[in-house]
Amino acid sequence: MFRPPINRAMRILDRAFFQKDISLAAACVLDSKKIATCREDLHNDILKLERLPPIRPVQSNISGDKSTKCLLLNPRTKTDDESSWSPKLQDLVKARQVLVAPYHLRLDYSYWTYYDIVSAIIPETKHDEIPVGFSVVGHVAHLNLRDQYLPYKTLIASVLIDKNPTIYTVINKTDDVGEENEFRTFKYEVLAGPDDMNVEVKEQDCIFNFDYSKVYWNSRLNTEHHRLITKFHPGEAVCDVMAGVGPFAVPAAKKKVWIWANDLNPECYKSLVANANKNKVTPFIRPSCSDGHSFIRTSASHLLKSNRQYNFRPKISRTARTAKNQKPIHHAPVEIFKEPKTFSHYVLNLPASALTFLPAFIGLYAGHERRFYPHTNVKLPMIHVYCFSTKSDDNKVEEAKICAEISEQLGYEIKAPGEEEMEIWDVRDVAPQKRMFCASFRLPGEVAFREAEGSRERG
């Protein structure tokens, strides 16, 4: 009764088509002061529909008093059939608190949801996979439509914009990520709205601006960004090898973590610098635009020689600055953050190929053994490397595959999770038989201190 009218032949959105008139019964509350009481008494009789308040102004055919409100009743209640009235409704009518009268309800395009409208247009044979999932990046909705829905793409995009006030542009991906370039950008077509890909995204109390057509960003990784950043502690140094526009780097720097952030894509580098400045974390981020293999090694070498420090003075609240007749303000002591000489973490977020960057860690700290445990309290860095694998219920097969690949790349056996400081985290499903993982392990001394032939040149 309340579903929108159907038009399977529609290809251009006709909003005026979606109207529906429904005849209902309404309980007209004769004393407006008793509307709340009557609503509670008629709880089981009231029409319950999402986005449709049951309390409505009376229509002219119900009462001449425009201040009177009425309660829409469920379709089982018929105006001219008292046997359909509940005992409570009958009691209220006899007590002259309400009267039952017809109500003309009109629903239009503005009432129904995106799914309602699209379901009324797309053939029922295709309802199992109606495109409801899409990524939102700033004001852009990013679809990845299956071929069967391409004839409806403009219509789908128009409805999507109508039903999502913050979305101004809808695009559809026309190739696979990374299909034609190493920067993980993609070809797209604009289905609705302006071709404006300069977006602003808020994540983890940070603001990111970038051109979505020129850099990689995945809003579905928000939870993963947060998870990993919680492992970083103020004062530590972290090397983000494939930093993108800064989803790890900027929030971590906000925690006063020293970040060496790199990306091969010049557009990512430009946005990373701008985002660091916008979020006021420039002192804690050292950006770079270079090959990740070499950056792993050069960043470690340069950090050994770095003498950076940042003197942080906690801000005084506006209230404290402007309060009258108060005692002199005692400034909090300055916190001094000195950059350490070694990294505590390396992040390699390029799941399609990050495992192949691991040989760069062979001999990373050769000749510097005495900087680390057991000679000092400093541990070798944790490596957080992202990768793709297959799917299974318990991920045991995948864990074995990932450990075997890591071991092959490092020339050293990395044992499966369960061992100390080794974890393989199930990040998300990316396809029916494909899953993204993050393998975190402590860089073994046998790898970091090894003097392998050509290891220096490999970086």
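At 28% relative accessibility, tyrosine 310 is partly exposed. The exercises below start from this residue; the model is predicted.

**Exercise 1.** Classify the ring pair of phenylalanine 284 and tyrosine 310, and place both residues along the chain.

Solution.
- Take the geometry. The ring centres of phenylalanine 284 and tyrosine 310 are 5.1 Å apart, and the planes make 70 degrees.
- Apply the cut-offs. Centres within 6.5 Å make a pair, and planes over 60 degrees apart make it edge-to-face. So phenylalanine 284 and tyrosine 310 form an edge-to-face pair.
- Locate the partners. Phenylalanine 284 is in the loop between helix H7 (266–278) and strand S13 (285–288). Tyrosine 310 is in strand S14 (residues 309–312). The pair links distant parts of the chain, 26 residues apart.
- Check burial. Phenylalanine 284 has a relative accessible area of 4%, so it is buried.
- Extend the network. Ring pairs join Phe284 and Tyr310 with Trp258 and Phe337 in a cluster.

**Exercise 2.** Classify the pair of phenylalanine 208 and tryptophan 217.

Solution.
- Start with the search. The whole structure holds 16 aromatic pairs.
- Phenylalanine 208 and tryptophan 217 are one such pair, 5.3 Å centre to centre with 50 degrees between the planes.
- An angle that is neither under 30 nor over 60 degrees counts as tilted. The pair of phenylalanine 208 and tryptophan 217 is therefore tilted.
- Phenylalanine 208 is buried at 0% relative accessibility. Tryptophan 217 is buried too, at 5%.

**Exercise 3.** Which charged residues sit over the rings of tyrosine 111 and tyrosine 109?

Solution.
- Arginine 51 places its charged end over tyrosine 111, 4.7 Å from the ring centre.
- Lysine 163 lies over the face of tyrosine 109, 4.3 Å from the ring centre.

How values were computed. Residues are numbered from 1 along each chain as its sequence is written. This is a predicted model: local features need pLDDT of at least 70, side-chain atom pairs count only at pLDDT 80 or more; totals for chains, interfaces and linings use all residues. Side-chain values use heavy atoms; hydrogens and water are left out. Rings of Phe, Tyr and Trp (its six-membered ring) pair if their centres lie within 6.5 Å; planes under 30 degrees apart count as stacked, over 60 as edge-to-face and the rest as tilted. Buried means under 20% relative accessible area, exposed over 50%, partly exposed in between (1.4 Å probe, protein chains only). Helices (H or I, at least four residues) and strands (E, at least two) are DSSP runs, numbered from the N terminus. A charge sits over a ring if NZ of Lys or CZ of Arg is within 6 Å of the ring centre and within 35 degrees of the ring normal.
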